[in-house]
Protein chains: 4
Amino acid sequence: MIKVGIIGSTGYAGGELVRILTGHKDAEIVWYGSRSYIDQKYADVYRNMFQIVDAACMDDNMEALAAQADVIFTATPQGLCASLVNENILSQVKIIDLSADFRIKDVKTYEKWYGIEHKSPEFISEAVYGLCEINRNDVKKARLIANPGCYTTCSILTAYPLAKEGLIDMDTLIIDAKSGTSGAGRGAKLPNLFCEVNENIKAYGVATHRHTPEIEEQLGYASGREVVLNFTPHLVPMNRGILATEYAKLTKDVTYEEVKAVYDKYYKDAKFIRVLDKGVFPETKWVEGSNYTDINFQIDPRTGRIIMMGAIDNLVKGAAGQAVQNMNLAFGLPEDEGLNLVPMFP
Amino acid sequence: MIKVGIIGSTGYAGGELVRILTGHKDAEIVWYGSRSYIDQKYADVYRNMFQIVDAACMDDNMEALAAQADVIFTATPQGLCASLVNENILSQVKIIDLSADFRIKDVKTYEKWYGIEHKSPEFISEAVYGLCEINRNDVKKARLIANPGCYTTCSILTAYPLAKEGLIDMDTLIIDAKSGTSGAGRGAKLPNLFCEVNENIKAYGVATHRHTPEIEEQLGYASGREVVLNFTPHLVPMNRGILATEYAKLTKDVTYEEVKAVYDKYYKDAKFIRVLDKGVFPETKWVEGSNYTDINFQIDPRTGRIIMMGAIDNLVKGAAGQAVQNMNLAFGLPEDEGLNLVPMFP
Amino acid sequence: MIKVGIIGSTGYAGGELVRILTGHKDAEIVWYGSRSYIDQKYADVYRNMFQIVDAACMDDNMEALAAQADVIFTATPQGLCASLVNENILSQVKIIDLSADFRIKDVKTYEKWYGIEHKSPEFISEAVYGLCEINRNDVKKARLIANPGCYTTCSILTAYPLAKEGLIDMDTLIIDAKSGTSGAGRGAKLPNLFCEVNENIKAYGVATHRHTPEIEEQLGYASGREVVLNFTPHLVPMNRGILATEYAKLTKDVTYEEVKAVYDKYYKDAKFIRVLDKGVFPETKWVEGSNYTDINFQIDPRTGRIIMMGAIDNLVKGAAGQAVQNMNLAFGLPEDEGLNLVPMFP
Amino acid sequence: MIKVGIIGSTGYAGGELVRILTGHKDAEIVWYGSRSYIDQKYADVYRNMFQIVDAACMDDNMEALAAQADVIFTATPQGLCASLVNENILSQVKIIDLSADFRIKDVKTYEKWYGIEHKSPEFISEAVYGLCEINRNDVKKARLIANPGCYTTCSILTAYPLAKEGLIDMDTLIIDAKSGTSGAGRGAKLPNLFCEVNENIKAYGVATHRHTPEIEEQLGYASGREVVLNFTPHLVPMNRGILATEYAKLTKDVTYEEVKAVYDKYYKDAKFIRVLDKGVFPETKWVEGSNYTDINFQIDPRTGRIIMMGAIDNLVKGAAGQAVQNMNLAFGLPEDEGLNLVPMFP
């Protein structure tokens with residue numbers, strides 16, 4: 001039984017970790033960290049867990065936690081994990097960080113986009129970028145796993161095979177993404193009030209969103225060259241789900257079947273990636289509550305572009321589900337253990 | 001392994017049966033019945049099931065199904081199950097009927113409220129009303145189980161202990177219920193269009209809704225007298241969930257603790273009923289996707305009334321989940337097998 | 001041209017006052033009060049008003065305002081208006097208070113339900129309860145108008161004619177109300193976040209909601225006796241709208257036509273009350289954005305009860321629209337000036 | 001008083017025409033055409049209009065209508081207007097067609113994208129494309145006005161000034177648009193059911209949507225060259241609103257101020273276009289219920305692209321509001337008559 005500690009268990013991603021791990025037969029949560037709700041019963045913060053979780057919330061004491069747990073999930077704002085991690089801790093437990101602290105290899109890029117100083121840059125090179133479908137083997141051996149961002153998971157997986165195979169001109173890649181509101185977190189802020197979000201759609205972080213360099217870095221590795229792209233997130237009046245619509249010029253004439261074969265080459269054995277049937281485009285509702293990434297594409301011969309689309313549940317494949325997938329890999333369990341969550345419809 | 005056939009597998013309740021049974025380790029679906037989608041792949045009708053269900057839909061042939069299956073779920077409009085069932089079929093399989101056909105013992109009452117002739121009244125007396133928490137022992141032995149309605153499940157469970165103990169004056173009982181839109185089914189009807197339902201709330205079936213006599217009958221058994229009450233359903237702009245707010249005069253002065261003790265007496269061992277902490281009122285979101293019924297109450301000394309509130313997911317405890325709970329009981333499995341669904345939040 | 005000052009112009013009710021008054025040909029806003037946004041452009045707080053309102057927000061200085069304005073709307077939390085009003089101010093301007101401060105005649109009742117001390121009880125008896133359809137003549141002469149609450153407006157108007165005519169047993173009256181989320185205000189609080197409200201319905205303030213004594217008082221005047229009732233509000237995942245479903249025993253056998261005649265007697269000339277056709281029940285969407293109250297009823301001969309239903313837009317007839325209607329009456333303008341807002345659908 | 005006939009008055013765009021014209025002081029609706037609801041009271045189809053509109057629906061008899069009306073709005077599926085119009089009718093009344101029949105000058109393009117034969121190609125050249133802000137002078141003299149599509153209005157207005165001034169490379173233009181569900185019409189179709197749309201976002205018509213050639217044609221006129229672009233619409237779970245996010249390479253180094261000046265050059269006097277303040281991006285909620293188009297842009301020096309964003313209410317500026325704006329121009333009235341609709345928030 002893997003002993004799990006969660007720092008930041010009362011945010012939406014933390015809550016989803018609890019939901020998923022509750023149904024995981026080889027893991028047990030031993031620490032419900034939450035700076036905001038110390039000593040309060042977890043089920044008073046998330047009443048869906050009434051009579052399911054009996055524990056109270058605890059402080060963010062990583063040293064104490066490291067002594068008790070086999071793995072720590074940090075579902076916290078950027079900066080916190082980097083400020084707490086050290087060699088002593090990493091020698092005792094694996095850390096799966098759901099924040100951005102160890103996702104970006106170039107510390108200057110991190111500090112520029114996030115506007116804070118990185119407190120433990122010495123661990124950046126060791127950290128493994130936990131996009132399981134791409135870095136599966138590295139994840140298995142990792143002590144410190146940087147769990148990818150929600151937008152980035154969806155954006156990268158959707159374009160990865162074509163970037164890797166050189167089928168798309170990376171200079172022309174544009175990602176227009178749409179997210180449900182749980183991505184904005186559980187903080188009590190005016191723009192996230194029901195009446196402000198409902199019956200509304202808007203772009204935000206235009207040309208400045210922090211997930212941009214993360215996407216660029218990973219697609220850079222895939223394509224073997226530096227990538228600079230436009231990424232525009234939008235806020236959609238729904239709780240969960242991310243849809244990424246991606247546009248790029250094809251580098252050569254290809255048929256539907258040829259592109260399909262490329263996706264199959266990379267994802268045929270990826271249990272959580274579903275390349276849909278021809279003409280069926282991803283909808284966030286079809287993956288809700290599950291760890292799936294649904295992907296499809298359309299070639300436009302008029303413009304010479306391909307439009308790629310991907311959909312995930314931002315709290316599952318975009319956060320907690322992928323974190324558990326990483327845990328499974330890192331502890332030698334079946335990759336899908338505890339993750340056979342059937343999407344809920346409607 | 002229990003072989004399961006579903007007639008009406010492509011309605012919302014049928015789809016939820018498929019979702020739940022997919023995760024049930026002792027059951028296997030052998031027949032995806034759907035008159036509307038014969039020979040089409042089930043996963044083309046519900047794309048959340050892509051790469052999870054590979055089967056195609058089949059006609060509603062109950063004779064053929066009876067030969068293959070151990071249990072048949074009929075998730076169909078009223079009248080269909082009653083027109084198909086016969087002794088030959090019941091001698092081969094158990095039937096769990098999610099329609100209203102066998103819920104009401106008095107065939108005249110059924111025919112009056114539903115406006116159709118009952119085609120097999122000879123089986124009504126045999127049928128067991130499958131409200132597991134109340135009729136557990138009868139369900140275990142049943143061949144034909146009448147799965148309760150969504151509104152009725154929520155309405156009855158919320159008031160049952162107090163009705164049974166004579167704590168409320170049944171002549172004063174009023175049930176004001178609110179439901180998400182999946183309760184209206186997947187038929188393409190104008191009143192169920194997004195733009196008609198969204199940003200709107202309305203009452204419907206005022207003083208005439210068909211779940212009324214079902215509630216009256218069951219609460220009549222509980223209280224040992226004839227019950228006539230007001231039940232008013234409302235349509236709420238959300239996918240899932242039913243909240244029942246129930247009002248009645250108390251028959252004597254009681255304290256919070258005394259009423260709580262009554263609920264505990266009946267529900268302490270009911271795994272799927274959660275009587276909430278004092279002052280915490282049920283919200284449909286806290287049970288979404290799960291088989292729970294959340295219940296609480298408030299005594300109003302000013303008026304001498306008690307306000308009871310109950311919440312369920314209409315597609316789970318209100319339909320498919322309860323049906324599987326009935327199946328578990330009828331086949332001697334643990335009551336919660338396949339039903340340990342953690343509510344999804346947000 | 002009536003010079004209007006608004007204290008609390010940046011809450012949702014204040015914003016709606018601005019929207020409505022912008023289209024009112026005999027009124028002009030001279031003061032956009034907002035303690036939270038002093039000196040910020042109003043259109044930066046409500047961007048729908050970009051290029052429509054050019055003014056900046058000002059402090060809540062009622063003395064200064066009284067010198068400039070003909071009428072002051074206070075759309076503020078309870079307690080504020082009572083703490084600012086005095087004879088000097090009332091001798092200069094009319095005040096229409098959208099808070100609860102002057103709605104309840106018995107100061108002890110006010111202080112008990114609101115939990116605060118009333119700072120100017122000497123003006124309570126002078127204040128006119130501004131439910132125009134009922135107190136039209138008093139409103140015309142008033143200096144200080146207590147604008148009714150949102151739930152109360154809907155609840156009272158729905159039952160008023162039957163209470164007045166003695167057709168319903170007031171001891172049996174139960175009001176089950178449902179409101180959109182704008183009623184909770186624009187404060188940044190966790191329970192009002194999109195993800196907490198969306199896909200959810202809950203009761204709140206059960207047996208303790210502050211609108212209860214206001215409804216009881218007014219229906220008490222109507223029925224000529226003390227009224228004690230149950231009022232239960234619910235939060236619905238929509239922006240606007242209140243639906244009240246009201247239950248009471250009829251005091252005698254009456255037909256549909258007789259009850260209809262009673263409603264017509266009181267509301268035939270009420271421009272903003274629409275008693276719907278037989279069998280058509282109110283829906284909040286049909287009044288959205290307008291000053292209408294839609295009302296209908298259903299007699300249930302089985303239980304001897306009548307179910308009355310009313311729907312309003314909580315920000316219009318339930319707040320700003322009614323306040324402007326009061327202003328029109330108090331200044332001798334046509335009652336509907338600026339209020340011929342056609343409901344928006346969908 | 002302009003006598004107005006509406007063919008197709010019971011669709012969502014038709015309903016919005018009725019809402020707007022009801023408040024227009026120089027227009028009067030004399031014919032509520034609706035093939036589906038002949039002889040039924042209009043207010044029974046749209047109950048928001050109860051006690052506002054007393055008329056019944058009439059058949060689509062354009063000859064009879066032409067004899068009574070000064071202008072006919074056709075808010076009908078494509079093909080209908082083209083099949084009804086003729087010289088005799090046009091000699092009697094002006095026609096403002098909200099369908100696509102006369103928007104595209106090249107009949108072959110129309111027939112290819114819409115898949116139907118054009119029944120009156122002889123009127124295509126005469127028809128004026130009614131995008132008021134661009135073709136104001138032609139509209140004033142027109143007999144036959146092709147009212148632009150909802151997506152196209154938003155897409156074109158957002159990019160027009162930069163296309164006209166050659167500031168963007170038209171070969172790189174990509175339009176990613178998001179629409180509320182009222183754009184799908186009031187037909188009872190499964191994909192438009194509440195439970196299918198709610199909590200969901202999807203792309204549709206990818207690389208094949210019919211508004212594409214219309215946008216290309218108009219931006220082709222603006223830029224003086226043939227334009228071929230990608231346009232991808234998405235369905236958003238909200239009633240109203242379109243947001244267009246548009247990407248293009250800048251043709252030269254420009255500052256924010258220079259681009260702003262270009263927008264101002266074209267739109268400074270356009271009453272219904274609001275170019276927002278720097279850093280404020282359009283949200284559909286801020287224009288809801290109004291005839292505004294809100295526009296802004298962000299230059300991304302990293303990629304050399306500009307991201308332009310525009311928001312409209314699809315039923316107002318995207319349909320009925322623009323149609324009335326066209327009527328005003330064609331009849332010599334002030335362009336904004338009846339259109340000073342303040343956006344409703346929340």
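# A guided tour of three interfaces

Begin with chain D and chain C, between which the count of salt bridges is zero. The model on the screen is a predicted one.

**Stop 1: chain D against chain C**

Display these two chains together. The contact draws 36 residues from chain D and 36 residues from chain C. About 3100 Å² is buried between the two chains, and carbon and sulfur atoms give 62% of that area. Select D:Phe50, D:Met344 and D:Pro346: these residues supply 20% of the area that chain D buries against chain C, more than any other three residues.

Although the number of salt bridges here is zero, twelve residue pairs are in polar contact across this interface. Next, colour helix 1 (12-22), helix 2 (42-45) and strand 11 (273-275) of chain D, each of which supplies at least two residues of the side that touches chain C. Which of the elements of chain D gives the most to this side? It is helix 1 of chain D, with four residues. By class, the side of chain D that touches chain C consists of 18 nonpolar, seven polar and eleven charged residues.

Now consider how the two chains are arranged. A turn of 180 degrees, with a shift of 0.0 Å along the axis, lays chain D on chain C with an RMSD of 0.0 Å. This is the relation of a two-fold axis. To locate the axis from chain D, select D:Glu199, whose C-alpha is the nearest to it in that chain, at 4.4 Å. Why can the copies be said to meet through the same surface? The reason is that 100% of the interface residues of chain D are also interface residues in chain C.

**Stop 2: chain A against chain D**

Keep chain D in view and add chain A. Here 49 residues of chain A are in contact with 49 residues of chain D. The buried area is about 4100 Å², with 55% given by carbon and sulfur atoms. Select A:Glu199, A:Ile201 and A:Arg302, the residues of chain A that lose the most area to chain D; together they make up 17% of what that side buries.

How many salt bridges are counted between chain A and chain D? There are five. For an example, zoom in on D:Asp176 and A:Lys178, whose side chains meet in a salt bridge at 3.0 Å, N to O. Across this interface, 30 residue pairs are in polar contact. Several elements of chain A each supply at least two residues of the side that touches chain D, among them strand 7 (174-179), helix 10 (211-223) and strand 10 (242-249). The residues of this side divide into 22 nonpolar, twelve polar and 15 charged.

**Stop 3: the two domains of chain A**

Finally, show chain A alone and colour domain 1 (2-126) and domain 2 (151-314) separately. The C-alpha centres of the two domains lie 27 Å apart. In their contact, 13 residues of domain 1 face 16 residues of domain 2. The domains bury about 1300 Å² between them, 49% of it on carbon and sulfur atoms. Select A:Tyr12, A:Arg103 and A:Trp113, which supply 49% of the area that domain 1 buries against domain 2, more than any other three residues.

Two salt bridges are counted between these domains. A:Glu16 forms a salt bridge with A:Arg240, with the closest N and O atoms 2.7 Å apart. Seven residue pairs are in polar contact across the domain interface. To end the tour, highlight helix 1 (12-22) and helix 6 (107-114) of chain A, the elements that give two or more residues to the side of domain 1 that touches domain 2.

How values were computed
Residues are numbered from 1 along each chain as its sequence is written. Chains are lettered from A and ligands numbered from 1 in the order in which they are written. This is a predicted model: local features need pLDDT of at least 70, side-chain atom pairs count only at pLDDT 80 or more; totals for chains, interfaces and linings use all residues. Side-chain values use heavy atoms; hydrogens and water are left out. Domain bounds come from an automatic or database domain assignment. Contact means heavy atoms within 4.5 Å. Buried area is the accessible area (1.4 Å probe) that two parts lose on being put together, summed over both. A salt bridge is a side-chain nitrogen of Lys or Arg within 4 Å of a carboxyl oxygen of Asp or Glu. A polar contact is a pair of N or O atoms within 3.5 Å; within protein, one must be able to donate a hydrogen and the other to accept it, and residues adjacent in sequence count only if both atoms are side-chain atoms. Ala, Val, Leu, Ile, Met, Phe, Trp, Tyr, Cys and Pro count as nonpolar, Asp, Glu, Lys and Arg as charged, and the others, Gly among them, as polar. Copies are superposed by least squares on the C-alpha atoms of residues with pLDDT of at least 70 in both.
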